[in-house]
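I sat down with this one to see what sits inside it and where the annotated residues fall. My notes follow in the order I looked things up.

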Amino acid sequence: MQHADTIIHAGAILTVNSAFDVLNKHALVITDGKISAILPSDSPTLANISATETFHLNNHVLMPGLINAHGHAPMTLFRGWADDYALMTWLNDYIWPAESQFVDAKFVREGTELAIAEMIRGGTTFYSDMYFFPEAAAKVAEQTGMRMQITSPVFDFPCNWGSGPDDYLAKAEALLDTYKHTDLVHVVLGPHAPYTVSDEPLKRIRALADNYQTGIQIHLHETAFEVETAIKEHGERPVARMQKLGLLDDKFQAVHMTTLNDTDIRMIADAGSHVIHCPESNMKLASGFTPTQKLQQANINIAIGTDGAASNNDLDMFGEMRTTALLAKASALEPTVVTAPEAIAMATINGARAMGLGDKTGSLELGKYADIIALDLSGIEHQPIYDLASHIVYTNVSNTVTHSWVNGKLLLNNRQLTQMNVDKIKQQTLAWREKIQEFKTSHDH
C-alpha cells in the first residue's frame with residue numbers, strides 16, 4: 001500500500017495542460033506538496049493508495065490555482081479611497097500623499113493579510129506584489145502558505161521604506177539572498193516605471209538580475225501620456241529605452257502595455273519578454289487598451305494581473321479573465337480573439353511562465369506543485385454547463401471556490417480560511433479605515 005498526503009476525488013479536473021484536457025470523475029493525489037498521480041476515481045491503482053486526508057468533491061471541478069501576475073497587495077487598505085480620477089491625478093494628489101502618511105511595516109503586513117484573505121477565497125494561489133516593505137509582505141505570505149513573487153521596488157527618490165536607489169538595491173539583494181532557496185517566495189527586481197527610475201539605476205538593476213538569474217517587472221507604456229513624455233525627455237519610446245539599456249529578455253515582465261506600435265511589439269517578441277495585462281485597472285483609470293490580438297499574433301506570452309485594489313477595486317481573477325476576453329473581442333471587433341481556454345491560460349500557466357515557474361506550477365500535471373482550487377458549480381445559477389472552460393470564463397464563478405491548496409497545504413476548506421483569522425483582519429481593517437477616512441476628510445478640505 002502506497003501512502004500519500006491527500007487524495008481529492010472530483011467530478012472533473014481541468015488540467016490546463018498542453019492539450020487542455022478535462023478529466024471526468026478523476027482523483028488527484030498529492031505527496032510532499034506535489035501532484036504525484038491523476039487517476040480515474042475507480043482505478044485499481046488508486047485503491048492501493050492510502051492518504052492522510054481524502055476529499056470527495058463529486059460536484060466540483062478542480063483546476064490550477066489562479067496566478068495574479070501583478071498587484072500591490074497592501075493597497076487593498078485604500079480600496080475605494082480615491083476613485084474616478086486620471087492616473088497622474090490619482091497618484092500625485094491622492095495615493096502618494098496617503099502613502100507618505102501611512103505606509104510602514106504594520107500597514108504593509110495588515111494590508112497584505114486583507115489582500116491574501118480575499119485572493120485565497122477568490123481562487124488565487126500565487127500572486128506578484130510590488131510595494132514598500134516587501135520583507136513584511138513576504139513574512140505574511142510564508143505564514144499563510146501563499147505563493148508569491150516579490151517585485152522589490154526601486155525609485156530614484158526616497159520614500160517611507162528607503163532613501164534612494166542605493167538603499168533599494170541593497171534591500172533587494174538582501175531579499176534575493178534570504179529567499180533564494182525557498183519554494184513559496186520568489187524575488188525579482190521591480191523598477192517602478194521609466195518615469196520614476198533613471199538610466200543608471202536601471203543599469204544596476206540589469207547587473208543585479210544577471211547576477212542572481214532573476215527577472216524584472218516594471219510598469220511600462222501604461223498611458224499615452226507616459227509615452228509622449230518619454231519621447232520628449234529621452235527622444236525614444238519607453239520600450240526602446242528598455243531595449244537600449246539591456247533590460248528586455250525572457251525574464252522581463254512588462255506591466256500594462258496599453259500604448260504600443262508595431263516596433264514596440266516586435267522588440268518585446270524578439271526578446272521573449274512577457275506582458276502582464278491588467279484590463280480592469282486600465283479601464284477604471286482610462287489608461288488605454290492593451291492590443292491583445294496583436295500581442296497574440298506576435299506569439300508574446302500574456303499573463304493577467306488585477307493591479308491593486310485601490311484602482312480595480314477587487315482582486316478577483318475570475319472577473320479579470322472575463323474582462324480580458326470581452327475587452328479583447330470588443331477592441332479588435334473580432335469575437336474569436338481570446339477564447340475561453342486562452343483566457344484561462346493567461347490566468348494560470350501563462351502567469352507561471354512569466355514568473356519563470358512554468359515548469360513547476362500553473363497547470364495540474366505530474367510533478368508540479370499542488371497549487372489547486374476546487375469550484376462547486378452545482379448551484380442552479382450554473383446550470384446547464386455545456387463547455388467547462390467557457391462557463392468558468394463567462395459566468396460569475398469566483399464565489400464558487402470552496403477549497404484551495406498551495407504546495408499541497410489546505411488554505412481554504414468549504415469557504416473557510418484555515419490559516420487566517422478573519423475577525424482579526426476585519427478589526428485591523430476597520431481601524432485603518434478610521435485613520436484613512438480622517439486623513440481623506442482633512443485632505444479634501
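I started with Asp-307, keeping in mind that this is a predicted model. Asp-307 has 5% relative accessibility, so I put it down as buried, the cut-off being under 20%. I then checked where Asp-307 sits along the chain, and it is in the loop between β12 (301–304) and α12 (317–332). For its contacts I skipped residues up to four places away in sequence, and I got His-70, Gly-71, His-72, His-256, Cys-278, Ser-281 and Leu-315.

Next I pulled up the annotation. The unreviewed UniProt entry has a "binding site" feature, and it covers Glu-99, His-192, Glu-222 and Asp-307. I asked myself which of this set help line the largest cavity. The lining takes in Glu-99, His-192, Glu-222 and Asp-307.

His-192 was my next stop. I found it in a loop, between β8 (185–191) and α6 (199–212). Is His-192 buried or exposed? Its relative accessibility is 10%, so His-192 counts as buried. With residues up to four places away in sequence left out, His-192 touches Trp-96, Met-130, Val-154, Phe-155, Val-197, Ile-218 and His-219.

I also looked at another histidine, His-391. This one is in helix α15, which runs over residues 388–394. His-391 comes out at 9% relative accessibility, so I logged it as buried too. Beyond its neighbours within four places in sequence, His-391 is in contact with Leu-377, His-382, Pro-384, Ile-385 and Val-397.

Then I turned to the nonpolar cores. The largest has 115 residues, and Phe-78, Phe-107, Phe-318 and Met-321 have the most contacts inside it. Which helix gives the most to this core? I found that it is α3 (residues 105–121), with eight residues. I checked the domains as well: this core draws at least three residues from each of domain 1 (2–64 + 370–414) and domain 2 (73–355). A second core, separate from that one, has 15 residues, and among them are Ile-8, Ile-13, Ile-30 and Leu-364.

Last, I went back to Phe-78. Leaving out neighbours within four places in sequence, I listed Ala-98, Glu-99, Phe-102, Phe-107, Tyr-131, Ala-310 and Ile-436 as its contacts. Two names there were already in my notes: Phe-107 is on the list of residues with the most contacts inside the largest core, and Glu-99 is covered by the "binding site" annotation from UniProt.

Methods:
Residues numbered from 1 in each chain as written. Predicted model: local features only at pLDDT ≥ 70, side-chain atom pairs only at ≥ 80, totals over all residues. Heavy atoms only, no water. Core = buried A, V, L, I, M, F, W, Y, C linked by side-chain atoms within 4.5 Å. Buried < 20%, exposed > 50% of the residue type's maximum accessible area, 1.4 Å probe, protein only. Helix = DSSP H or I, 4+ residues; strand = E, 2+ residues; numbered from the N terminus. Domains from an automatic or database assignment. Contact = heavy atoms within 4.5 Å. UniProt positions renumbered as here; feature names shortened; annotations may be inferred. 1 Å grid on protein atoms, 1.4 Å probe; cavity = no way out; pocket = protein on both sides within 12 Å on 5 of 7 lines; lining within 4 Å.
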